[in-house]
Structures are given as C-alpha cells and as structure tokens.
Amino acid sequence: MLLRPLGEFLLKKLPVRALRGVIRKLIGGMANYDRKDRLYRQAKSDGYRSRAAYKLQELDAKVKLLKPGMTVLDLGCFPGGWLQVALEKVGRGGAVVGVDLQPVEPVTVGGRSAVILLGDLYEPTVQESVLEQAGGRVDVVLSDMSPKLTGVRFQDAARSAALVELALFFSSTVLKEGGSVVAKVFPGNECEEAAKVYRRAFEKFTRHVLDSSRKTSKELYFVGRGFRGLPEELQAQVSS
Ligand SMILES: C[S@@+](CC[C@H](N)C(=O)[O-])C[C@H]1O[C@@H](n2cnc3c(N)ncnc32)[C@H](O)[C@@H]1O
C-alpha cells in the first residue's frame with residue numbers, strides 16, 4: 001500500500017533535492033573561491049611569481065628540507081614561485097633546476113638563476129635533459145605538478161595520483177641516498193596506494209595540509225625524507 005506513494009515521492013522529490021544539493025554546493029564553492037585572495041595579493045607585493053611560494057615556505061618551516069648549498073629539482077615549476085623560494089634557501093652555493101609543460105620566464109634571486117626546462121616529464125627525452133642539467137644526484141625533489149582539472153572526479157584523482165607516482169619514480173633515478181621528496185596530492189584511493197610506496201621508499205614519510213593552500217582546495221603534500229630506494233619489485237618498472 002505504501003510502496004506506490006513512496007515510489008512517487010522518490011521519483012518526484014529525490015532528484016530535485018539531490019539537484020538542489022549539488023547546486024547549493026556549487027554556489028557555495030564559487031562564493032568561497034576568491035582567486036585574488038590575501039596571499040595572491042601578498043605575492044604580488046612581495047615580488048613572488050605565485051601565491052604557491054608561501055606553501056613551500058610553510059612546508060619548509062615545518063620539515064626543514066631546504067639548506068644552503070643543496071641541489072634542488074622543481075617538477076611542475078610554472079610560473080616560478082617555488083623556484084624563487086628554493087633559490088633563496090639554497091643560496092649562492094646551491095643550484096635549482098625546474099621543468100614545466102609551460103614556458104617559464106627566467107627566475108633570478110640574488111644573482112643566481114634557476115635552470116628552467118620546457119617539456120612533459122612523462123617524456124624520456126625530457127627526463128634525460130633534467131638529469132643532465134642537474135649534473136648528478138640531487139638533494140631534494142619538489143613536485144607541485146597538478147593535472148589540468150576536468151571536473152570529473154575519478155579522472156582528476158587518477159591523473160593526480162599518476163603524477164605523484166611519476167615524481168617518485170623519476171626521483172628514484174636522480175635522488176641521493178638520504179634525499180627528500182615533496183609531492184602534491186589530491187586525496188583519493190589511488191593516492192593511498194602511492195602513499196604505501198612512499199612509506200617504503202623513505203625512512204620517514206609524513207603528509208601535510210597547509211594553511212596557505214586555498215580554503216577551497218583539498219590538496220595536501222606528501223614528504224619523504226631519507227631516501228632508501230624504490231621497493232625492489234618496482235625497480236624493474238623504472239629501468240624498463
Ligand atoms: C600548481 S602549478 C605549479 C606552481 C609552482 N609550484 C609555483 O610555485 O609557481 C602546477 C604545474 O604542473 C605542471 N605540470 C603538470 N603535469 C606536468 C608534466 N607531466 N610535466 C611537467 N609539468 C607538469 C603544470 O603545467 C603546472 O604549471
């Protein structure tokens with residue numbers, strides 16, 4: 001007896017309610033998103049290329065990775081905020097190499113310039129150029145790489161997780177023993193898989209949500225310290 005009215009209720013009401021919820025979420029998200037927020041404006045006045053510069057500063061204040069004299073790789077470096085902070089931290093005796101799909105204007109801090117390469121890090125030829133420019137094993141690999149977001153959640157999460165793996169696999173070919181990696185992550189099941197590999201590849205593995213990330217962003221950062229090498233079963237994947 002009750003089934004019919006219930007069915008009618010579900011058909012008529014539920015889709016509308018669900019739709020209302022989605023619209024409310026969308027409007028809420030848009031209202032909360034302020035592209036030119038406080039850190040955006042601060043970056044402009046401090047001379048940083050992007051508000052992302054404060055994320056690296058915040059993270060480094062927590063985990064203290066970047067030191068004078070170090071060689072640092074910055075994967076996904078456009079427009080260059082992290083390159084600026086890395087150059088400040090490594091000083092005159094250090095070196096910073098960046099790579100991005102997009103061209104980056106030259107970055108110089110205190111008379112020292114970053115070496116900047118244009119290309120897709122998935123490409124073996126680009127990886128070779130980065131290795132060549134690094135001139136040997138490096139102390140720290142930073143990856144702020146993020147995919148072009150499509151809005152399709154599972155697709156975005158999968159692409160993001162693939163970049164987190166790329167950062168680790170590439171790092172394994174270029175990182176000194178004991179070196180460190182930072183990688184941006186968007187939460188999801190695939191990233192949990194990547195976290196398991198990071199945990200095995202480093203003596204210390206931590207994850208960080210940053211105050212300087214946009215309030216609307218779900219991003220977090222994986223930090224691996226004390227590189228031990230990739231788990232054995234994965235090493236073959238890198239060399240193949
Ligand atoms: C959030 S931005 C980086 C911001 C940068 N850390 C800064 O401080 O200005 C992410 C960058 O990752 C780059 N990226 C994504 N996939 C890449 C790939 N496969 N190879 C190289 N760069 C990539 C994008 O082109 C984009 O510029």
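Two strands are taken as paired if DSSP finds at least two bridges between them. In this predicted model, strand β6 (residues 138-143) and strand β7 (residues 175-185) are joined by 5 bridges and run parallel. Within this pair, Val-141 stands opposite Val-181 in β7.

Both strands belong to an open sheet of 7 strands with mixed pairing, in which the order is β5-β2-β1-β6-β7-β9-β8. The edges are formed by β5 (115-118) and β8 (202-208); each has a single partner strand, so one side of each lacks a neighbour in the sheet. From one strand to the next, the twist averages 15 degrees.

Helices pack on this sheet. Helix α4 touches β1 (71-75), β2 and β6, and the direction of α4 makes about 170 degrees with that of β2. Helix α6 (residues 153-174) also packs on the sheet, where its contacts are with β1, β6, β7 and β9 (220-227). The angle between the directions of α6 and β7 is about 165 degrees.

The model also contains a ligand, with 22 residues around it. Those that come nearest are Ala-52, Gly-76, Phe-78, Gly-81 and Asp-144. Two or more residues of the shell are given by each of α3 (52-63), α4 (81-90) and β2 (95-100). Helix α4 and strand β2 thus appear again here, having been described above as touching each other. By residue class, the shell around the ligand consists of 12 nonpolar, 6 polar and 4 charged residues.

Notes:
Residues are numbered from 1 along each chain as its sequence is written. This is a predicted model: local features need pLDDT of at least 70, side-chain atom pairs count only at pLDDT 80 or more; totals for chains, interfaces and linings use all residues. A residue is near a molecule or strand if its C-beta atom, placed from the backbone, lies within 6 Å of it. Helices (H or I, at least four residues) and strands (E, at least two) are DSSP runs, numbered from the N terminus. Ala, Val, Leu, Ile, Met, Phe, Trp, Tyr, Cys and Pro count as nonpolar, Asp, Glu, Lys and Arg as charged, and the others, Gly among them, as polar. Axes are lines fitted to C-alpha atoms, for helices over the stretch in contact, and angles run from 0 to 180 degrees between N-to-C directions. Two residues are in contact if their C-beta atoms, placed from the backbone, lie within 7 Å.
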